[in-house]
Amino acid sequence: MSERLVVIGGGGAGISAATTAKRVDPSLRVSLFTEFADIAYSPCGIPFVHGREIPRFEDLFLSTVERYVEDGLDMRMETVITDLDLDRGTITARNQPEGFDKLIVCTGFHWRRPDVAGANLDGLHYVKDIRKAMEFDKLLDQLRTVVVVGAHPVAVEMAGNLGHRGLEVHLVDEGPWLLHEVLDPDVAEPVHESLRSRGVTLHLGTRVEAFVGDDGKLRAVATSDGEIACDAAVIGLAKEPNAALAAAAGLRVGTTGGLVVDDHMRASRDGVWGAGDVIEVPHGLTMIPIQGLTGSHAYAQGRVAGANAAGEDRAYDPVWVPWGMVAGDYTIGGFSFGETLAQAMGIPYTVAKGVGVSRARYYPGATKTHVKLLAEPGTRRIIGGQIHGGEGVKERCDFLAFAAKRGATLDDLAWMENIYSPPIGALFEPVAIAAQNGLADLRRGEATPEQAPKPASAVPA
C-alpha cells in the first residue's frame, strides 16, 4: 500500500503542502485535518469586507472542499487532533487513533490574549475565523463605537475599515507610534494622518488595564488614560505560533516559540515537516529566527514542505521579508528592516532617501513615492528599507527584497534600468533616485553610519 501523509492545518501553508505533495506524487495518500468548517479563504481580506471595500465574504474563498476531494485529498473538516505520537506514528482525532507515514505540521497561529481582567467578556473579537467574522459583520450596523486594541497590521487595517464603515473607532496601543516595532516614525506619521481622516482616534503610549462589562457583556475598555465606552473591541496584539500539540509530541521549539525547521522545512524528527505561522525561519541578513510572517510566506513554505514530503529536494531560503499594507487610505511597505529595528539590533547602516512619482508627472493620478534605503557601510550593500506613498509600493518592496538577497548595492540601484510609460511609470525610478541621493551624500561625507535610537519625544503623537 502507498504511504500516507497527514497534514495538520488547513490554512495557506496546510493546503499548499497537501496539494503540492499530491501533485508531486499522485500515489501518496494525503489527509488534511482542520478544526474549521471552511477551507481556502483569505483571512487578510476580512477587514476590507467589514469596511465595504470588498462586497461579500464569499469573495474571499479561493476554492471548495469538494474541489480538493476531486483532486484526491482526504479532507477532514471540523476535526481537531488531540494527540500526536511520533514514536508510534499516530494521530488521535475524535478519540480514534490513525496511523501515518509522514507528517506536515501547519497548525498556524493564535492571537495573543490580553492578560487583563475582563478578557473573556462577550464583545471581544479576533480576526481569523471567517464564520465568526460574518456574525460580527451583522452586528456592525447596530454598533456605534469600537475599540481596536493593539497595532498589528490587521488591527490597523480593521481600524481604518471600521472608520470607513462609519463607526466611531478608538485604537489603543502602548507603542509611541503605530507598528512601532517594524515601522519608522517618519513613515508612521502619514499613516496616523490617514487614519484620523477616517475618524479613528489614536491612543498611543496607552495601556489597556481592563475590559469592563455588565452581565458578561463588554461596555468599556479601561486604559491608563481613562475609560473608553464602547460596544465591541477588536483585539490585534500579536500572532503567536500554535505549537503546543507539536511541542508536546517532542518536536523542538525555538526562541520565538515556533517549531525549528531546516531549509527543507524538516522538523526535529525524521519524516516530519513544518510550515507557516507555526514555524520560525532565519532572517536573510542576521540569520536570527523570526516568526509570524505573511500568507505568501506560509504558502511558499507549504509548497516546499509538501514537495519534499513527496520525495523532491527543495530548499527554502532565509527571508528578506517584503511586506506592504494599506493603512486607512495610505500605502506603506518595506523589506528586511527599517531604521527603528536596525537601531534596536545595533546594526550600523547609512541612509539613502528619495522622492519620485508613480507615473509620469503630467499623467492624471500620479502620486509621490517616498523611498528610504538602508545600506551597509563600506560595501554599500542594501540591507533594508521602507517605502510609502501611492502606487507600486508592493512591487518595489518585492523587487528590493530580491535585490538585497542577491547582494545588490546602492551603485547597482542608482544605475538600474526602469520602465518609462506615462500611465504606469515615471522617467526617473524613485528607488534609483534614493540610491543616487545616498551616493551623493557619501561623496560629500554627509552620510555616516547611524546607530543611536531616536528619542520617543521626537515622535509625532
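The dialogue below goes through burial, salt bridges, empty spaces, backbone angles and a surface patch in a predicted model.

Visitor: Why is Phe 428 called exposed?

Guide: Phe 428 has a relative accessibility of 58%, and since exposed stands for values over 50%, Phe 428 counts as exposed. Phe 428 sits in the loop that runs between helix H11 (410-414) and helix H12 (430-444).

Visitor: What makes the nonpolar surface patch of about 560 Å²?

Guide: The patch is made by Tyr 362, Tyr 363, Tyr 420, Leu 427 and Phe 428. A residue enters a patch with over 30% relative accessible area and no salt bridge, and the 58% of Phe 428 therefore satisfies the accessibility part of that rule.

Visitor: Why is Ala 133 called buried?

Guide: The relative accessible area of Ala 133 is 7%, and because buried means under 20%, Ala 133 belongs to the buried class. Ala 133 has its place in helix H4, and its C-alpha lies 41 Å in space from that of Ser 421, with the two positions 288 residues apart in sequence numbering.

Visitor: How do you know that Asp 59 and Arg 56 meet in a salt bridge?

Guide: Their side chains come to 2.9 Å, N to O, and because the cut-off for a nitrogen of Lys or Arg and a carboxyl oxygen of Asp or Glu is within 4 Å, the pair is a salt bridge. Asp 59, at 37% relative accessibility, counts as partly exposed, and so does Arg 56, at 44%. In total the structure holds 34 salt bridges.

Visitor: What makes the contact of Lys 372 with Asp 184 a salt bridge, and where in the chain are the two residues?

Guide: The closest N and O atoms of Lys 372 and Asp 184 are 2.7 Å apart, which is within 4 Å, so the definition is met. This pair links distant parts of the chain, with Lys 372 in strand S25 (residues 368-375) and Asp 184 in the loop between strand S11 (168-173) and helix H6 (185-197), 188 residues apart. Both Lys 372 and Asp 184 are buried.

Visitor: Which residues do salt bridges with shared partners join into one network?

Guide: Arg 4, Asp 74, Arg 76 and Glu 98 are joined in this way. Within that network, Arg 76 forms a salt bridge with Asp 74, at 3.0 Å between the closest N and O atoms. Arg 76 has a relative accessible area of 24% and is partly exposed, while Asp 74, at 27%, also counts as partly exposed.

Visitor: How many cavities of 30 Å³ or more are counted, and what volume has the largest cavity?

Guide: The count comes to 1 cavity of 30 Å³ or more, and the largest cavity has a volume of about 50 Å³. Rolling a probe the size of a water molecule over the atoms is what shows where empty space is left.

Visitor: Which elements supply at least two residues each to the lining of the largest cavity?

Guide: Strand S20 (279-282), strand S21 (289-291) and helix H8 (295-309) each do so, and H8 gives the largest share, 3 residues. Among the lining residues are Asp 277, Ile 279, Gln 291 and His 297, and by class the lining has 5 nonpolar, 6 polar and 1 charged residues.

Visitor: How much space lies in the second largest pocket, and which lining residues are closest to its centre?

Guide: About 530 Å³ of space lies in the second largest pocket. The pocket is lined by 24 residues, of which Arg 113, Tyr 126, Lys 128, Asp 129 and Lys 132 are the closest to its centre. Helix H4 gives the largest share of this lining, 4 residues, and the lining divides into 13 nonpolar, 5 polar and 6 charged residues.

Visitor: What makes the phi of Ala 40 worth a remark?

Guide: Most residues other than glycine have a negative phi. Ala 40 is not a glycine, yet its phi is positive, near 60°. Ala 40 lies in the loop between strand S2 (29-33) and H2 and is buried, because its relative accessible area of 9% is under 20%. Arg 52 likewise has a positive phi, of about 65°, and is found in the loop between H2 and helix H3 (65-70), but at 41% relative accessibility Arg 52 counts as partly exposed.

Conventions: Residues are numbered from 1 along each chain as its sequence is written. This is a predicted model: local features need pLDDT of at least 70, side-chain atom pairs count only at pLDDT 80 or more; totals for chains, interfaces and linings use all residues. Side-chain values use heavy atoms; hydrogens and water are left out. Patches are made of residues with over 30% relative accessible area and no salt bridge: like charges are joined within 9 Å, nonpolar side chains (Val, Leu, Ile, Met, Phe, Trp, Tyr) within 5 Å. Accessible areas come from the Shrake-Rupley method with a 1.4 Å probe; for residues, only the protein chains shown count as cover. Buried means under 20% relative accessible area, exposed over 50%, partly exposed in between (1.4 Å probe, protein chains only). On a 1 Å grid over the protein atoms alone, a cavity is a set of points where a 1.4 Å probe fits but cannot get out, and a pocket is an open set with protein on both sides within 12 Å along at least five of seven lines; lining residues have an atom within 4 Å of a point. Grid points are joined across faces, edges and corners, and a volume is the space filled by probe spheres set on the points. Ala, Val, Leu, Ile, Met, Phe, Trp, Tyr, Cys and Pro count as nonpolar, Asp, Glu, Lys and Arg as charged, and the others, Gly among them, as polar.
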